[in-house]
Amino acid sequence: MKKGILFLTLLCPLLLFAGNPGFGERHYSLSAMAEYSYNTTWGHHGNFDVQALMPFNPHFEMEAKLQFSTANVHTMALQFRPKFELPVGEMFLETDVLYRAVARNRIHDFTAALGVGYRMDHVSVTLGVFCRVMDDWDRDWHANETYVVEPFNLLYRIEVFCRPQNNPWNLSFMFSNVDDYQLERMWQPLFSLGAWYDVNNHWRLNFAAQCKPTGMFHLDASFYGATLRAGFSYRF
């Protein structure tokens with residue numbers, strides 16, 4: 001009898017968090033976002049984002065992303081995410097491939113990232129690495145100049161939600177050096193606030209605000225940047 005009571009005492013907390021917590025989306029969706037952004041390098045500018053989420057099955061999803069900017073800096077990215085459900089929470093791998101064309105400066109860069117993450121109802125943590133290759137559009141292929149390569153950067157993301165992630169509305173706070181369209185060096189963190197609200201089973205409203213402080217965690221004064229983002233998602 002005592003062993004049975006002890007077993008139930010240990011099991012009940014796990015039952016509160018176990019099973020399928022509904023992380024992420026289970027449906028194909030298409031999102032559109034409009035942004036107002038400012039930084040001390042490019043000044044005031046606007047961005048328009050389009051994203052397509054494709055959860056092929058409960059254990060694998062892919063996301064395609066495009067961003068067009070009035071600052072003449074355009075980005076496209078692909079993300080692949082295998083997922084592994086655990087008795088408590090979910091583990092996932094993230095592979096990101098990102099291409100950014102900085103047309104205003106006639107340069108472009110290619111970034112590849114690999115991360116490992118774990119998430120529960122209220123917390124999601126990711127840690128990984130990424131490599132970036134930068135090049136000048138006008139570089140002669142036969143010239144002696146070579147690509148500029150950043151062979152190793154640390155990737156980190158900590159996101160906290162006020163409600164379980166399968167709720168029809170939520171608020172979140174994120175501390176990270178990456179988002180959908182940029183991967184910053186490890187000493188240049190981004191602070192983000194996010195929110196969503198499900199109007200019905202198909203339509204979701206999305207809101208976000210992001211800040212990149214100046215001179216954070218290092219002696220150089222990196223540019224200050226701030227972004228406000230709003231849009232919607234349609235789930236099929």
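The exercises below work through the fold, the strand pairing, a pocket and three residues of a predicted model.

The model is predicted, with local features requiring pLDDT of at least 70 and side-chain atom pairs counting only at pLDDT 80 or more, while totals for chains, interfaces and linings use all residues. Residues are numbered from 1 along each chain as its sequence is written, and side-chain values use heavy atoms, with hydrogens and water left out.

**Exercise 1. Describe the fold from its secondary structure elements and their pairing.**

Step 1. Begin with the inventory, in which the protein chain has 1 helix and 12 strands; helices (H or I, at least four residues) and strands (E, at least two) are DSSP runs, numbered from the N terminus. Along the sequence the pattern is α-β-β-β-β-β-β-β-β-β-β-β-β.

Step 2. Next consider the pairing, for which two strands need at least two bridges found by DSSP between them. The 12 strands make a closed barrel with antiparallel pairing, in the order S1-S2-S3-S4-S5-S6-S7-S8-S9-S10-S11-S12. From one strand to the next the twist averages 20°, where axes are lines fitted to C-alpha atoms, for helices over the stretch in contact, and angles run from 0 to 180 degrees between N-to-C directions.

Step 3. Finish with the chain totals: 39% of the 236 residues count as buried, a term that means under 20% relative accessible area, with exposed over 50% and partly exposed in between (1.4 Å probe, protein chains only). Among contacts (heavy atoms within 4.5 Å) between residues at least 6 apart in sequence, 47% join residues at least 24 apart.

**Exercise 2. Follow the strand pairing from S4 to S6, and then examine the pairing and the faces of S12.**

Step 1. Strand S4 (residues 73-85) pairs with strand S5 (residues 90-102) in the antiparallel sense over 11 bridges, and Ala77 has Leu98 in S5 as its bridge partner. The two strands form a hairpin with 4 residues between them, and Gly89 in the turn has a positive phi of about 85°.

Step 2. S5 also pairs with strand S6 (residues 107-119), again in the antiparallel sense, over 13 bridges, and here Arg100 has Asp109 as its bridge partner in S6. The hairpin of S5 and S6 has 4 residues between the strands, with Arg106 taking a positive phi near 55°.

Step 3. At the closure of the barrel, strand S1 (residues 29-39) and S12 pair in the antiparallel sense over 11 bridges, with Met33 opposite Gly231 in S12. S12 pairs with S11 as well, antiparallel over 10 bridges, and the bridge partner of Arg204 in S12 is Ser233.

Step 4. In a regular strand the side chains alternate between the two faces of the sheet. Along S12, Gly225, Thr227, Arg229, Gly231, Ser233 and Arg235 point to one face and are buried, whereas Ala226, Leu228, Ala230, Phe232 and Tyr234 point to the other and are not.

**Exercise 3. Characterise the second largest pocket and place Phe223, one of its lining residues.**

Step 1. On a 1 Å grid over the protein atoms alone, a pocket is an open set of points where a 1.4 Å probe fits, with protein on both sides within 12 Å along at least five of seven lines, and lining residues have an atom within 4 Å of a point. The second largest pocket holds about 700 Å³ of space, a volume being the space filled by probe spheres set on the points, which are joined across faces, edges and corners.

Step 2. Of its 38 lining residues, Trp42, Arg100, Gln182, Glu184 and Phe223 are the closest to the centre.

Step 3. Phe223 is found in the loop between strand S11 (203-212) and strand S12 (225-235), and is partly exposed, with a relative accessible area of 30%. Phe223 and Thr40 are 183 residues apart in sequence, yet 5.7 Å apart in space, C-alpha to C-alpha.

**Exercise 4. Compare the surroundings of Phe130 and Val88.**

Step 1. Phe130 belongs to strand S7 (residues 123-136) and counts as buried because its relative accessible area is 2%. Not counting residues up to four places away in sequence, Phe130 touches residues including Thr111, Pro151, Leu183 and Glu184.

Step 2. Val88 lies in the loop between S4 and S5 and is partly exposed, with a relative accessible area of 24%. The C-alpha atoms of Val88 and Asp121, 33 residues apart along the chain, are separated by 9.6 Å.
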